Amino acid sequence: MHLAEIDRMASSGASLFHRAGVPSKLLMTLCLLVSVMVSTDVLVLGTLIAILLVLHLAARVQFKEIAHLLFYPLFFSLLFALLKFQESWASGLVVIFKATGAALATLLLLVTTPWVEVFAFLSAYLPGLLVDIFLFTYRSFFILLDQVDGLLRNIKIRGGYHSFDVVKNVKNMGAAVGLILLHSFEMSQRMYRIYLLRGYDGGIPIARRWWKLGYSDGAVIILSVLIVIGMVIAWKLL
Amino acid sequence: MSHVHLPDGIIPTVWWVAGYLISLVVVFVTLKRVKAEKVRDKIPQMAMMAAVMLITMSVPLGFVPFHMNFAALAGMLIGPGLGFVVVFVVNFILALLGHGGITVVGLNTLNVGVEALIGGTAFRLLKGKFGSVPSSVISTAIALLLSTALMVLFLSTVGVVDLRSGEGILHAEEHVEDGADRQAEGLHGDDTAYRFGGIALAGWVAVLIVLFLGIISESAVTALVVRFFTKVRPDMINPEPDEDR
């Protein structure tokens, strides 16, 4: 999982997209997603993917950190594209392009916006308890990640991993997952008590400071409108 | 590991919108049903479970991107309803992180959430009779098999695959319409037409074999985790009877 790298890119970036507020970036993501989803033409989808790649470049995204993430949508869409390839090559490519395009659009949002800010915005519309789970998960993930790394290293150092002894590996994996879960549950109880002491009563307070629109927001909104207009013109031309 | 993540763009809009609505209703009802204080107490635990699932889901087992889910285990440890909520959270985060399927988060949640619902419920019903470890194997296997069956049934219902032939539905329709012409063309013509269908079918058979191997290995690991808990923290898998989960 490269949530840590994605989070670092989102927090430390200084591009136009990083400076823009969450609402304008969510609008752009929505426009891109709708464009990808409604399009059925392989050329239009190819153009959209090219635009998305340019936007990633403009956001100074380190491709080597996120490229492998696109392997999942590529692989799973390929399973379905194989069926569509019976119809035509274009139909199969449409399936692959749609899955990849949608993944690129959501990744662009996450590599330019810190996770907490996205859910701070969504907290205005989602139930408080659900938002709390998202925020706690984010925090827990980083706490656990280091511990899992250490545990896996320890297992290997102490001879708990054998390339050809699958049974022993599965046994050790069961104990390792159990240990991680046990540790994480104990940690969650401690975390809950700390939050109670700090006055937690359901609903983590989040500051929302993005209602002032800046130049970056204007640029992102204009870009979103241009993408939608581009799609409409493409439809009429076809 | 028991299912295929549905990617964006293959499911008709009506279905994925319905999937979102149904899964959100289930999440809201679950959170409303449990007393506020109890849920608040469980939130850090649910978050930790989600974080563990995210970490294990991000470890591909082999060269293809298959991974363990532990959705059934989540249902056993934190309860079927709250396990479903955790699955929603995990799917949403994975979709945002480029795992794909932002439009089908609802459907993927229903598909994987069934594992938490059935796995957790079956485990509760069976553990008194068979003991914790055997019950965990049976519950996980049942949950994963049902989830896989539901996914295949759903894909067949929306017309993505044809259960009877194992091919894409469009190919099957073409087959019916052009049946007379194909007969006239003879076997050679049929062979050409089926070339891609054969690859697709072989691909899906391979996927199903991997899925069944996945079901076996996830059931085994779940049983080992449950055995570990029975030794060190039996209260985690045998909570107080009145605990609202």
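Colleague: Which residues touch the most other members of the largest nonpolar core?
Modeller: Happy to help, and please keep in mind that this is a predicted model. The largest nonpolar core holds 137 residues. Those that touch the most other members are L181(A), I11(B) and M53(B).

Colleague: Which helix gives the largest share of this core?
Modeller: The largest share amounts to 14 residues, and these come from chain B. The helix in question covers residues 80-99, and its name is α4 of chain B.

Colleague: Which residues does M53(B) touch, not counting those up to four places away in sequence?
Modeller: A contact here needs heavy atoms within 4.5 Å. With residues up to four places away left out, M53(B) touches N69(B), F70(B), A71(B), A74(B), V86(B), V87(B) and V90(B).

Colleague: Nice! Which residues do ring pairs link into a cluster?
Modeller: Over all chains, the structure holds 14 aromatic pairs. Ring pairs join residues of chains A and B into a cluster. Its members are W115(A), F119(A), F134(A), Y138(A), F141(A), F142(A), F88(B) and F92(B).

Colleague: And over the ring of which residue does the charged end of R198(A) sit?
Modeller: The charged end of R198(A) lies 6.0 Å from the centre of that ring. The ring belongs to Y195(A).

Colleague: How many helices and how many strands does chain A have?
Modeller: From the N terminus on, the elements of chain A run α-α-α-α-α-α-α-α-α-α-α. The secondary structure of chain A therefore comes, with helices and strands taken as DSSP runs, to 11 helices and zero strands.

Colleague: What percentage of the residues in chain A is buried?
Modeller: Buried means under 20% relative accessible area. Chain A has 238 residues, and the buried share of them is 49%.

Conventions
Residues are numbered from 1 along each chain as its sequence is written. Chains are lettered from A and ligands numbered from 1 in the order in which they are written. This is a predicted model: local features need pLDDT of at least 70, side-chain atom pairs count only at pLDDT 80 or more; totals for chains, interfaces and linings use all residues. Side-chain values use heavy atoms; hydrogens and water are left out. A nonpolar core is a set of buried Ala, Val, Leu, Ile, Met, Phe, Trp, Tyr and Cys residues joined through side-chain atoms within 4.5 Å. Buried means under 20% relative accessible area, exposed over 50%, partly exposed in between (1.4 Å probe, protein chains only). Helices (H or I, at least four residues) and strands (E, at least two) are DSSP runs, numbered from the N terminus. Rings of Phe, Tyr and Trp (its six-membered ring) pair if their centres lie within 6.5 Å; planes under 30 degrees apart count as stacked, over 60 as edge-to-face and the rest as tilted. A charge sits over a ring if NZ of Lys or CZ of Arg is within 6 Å of the ring centre and within 35 degrees of the ring normal.
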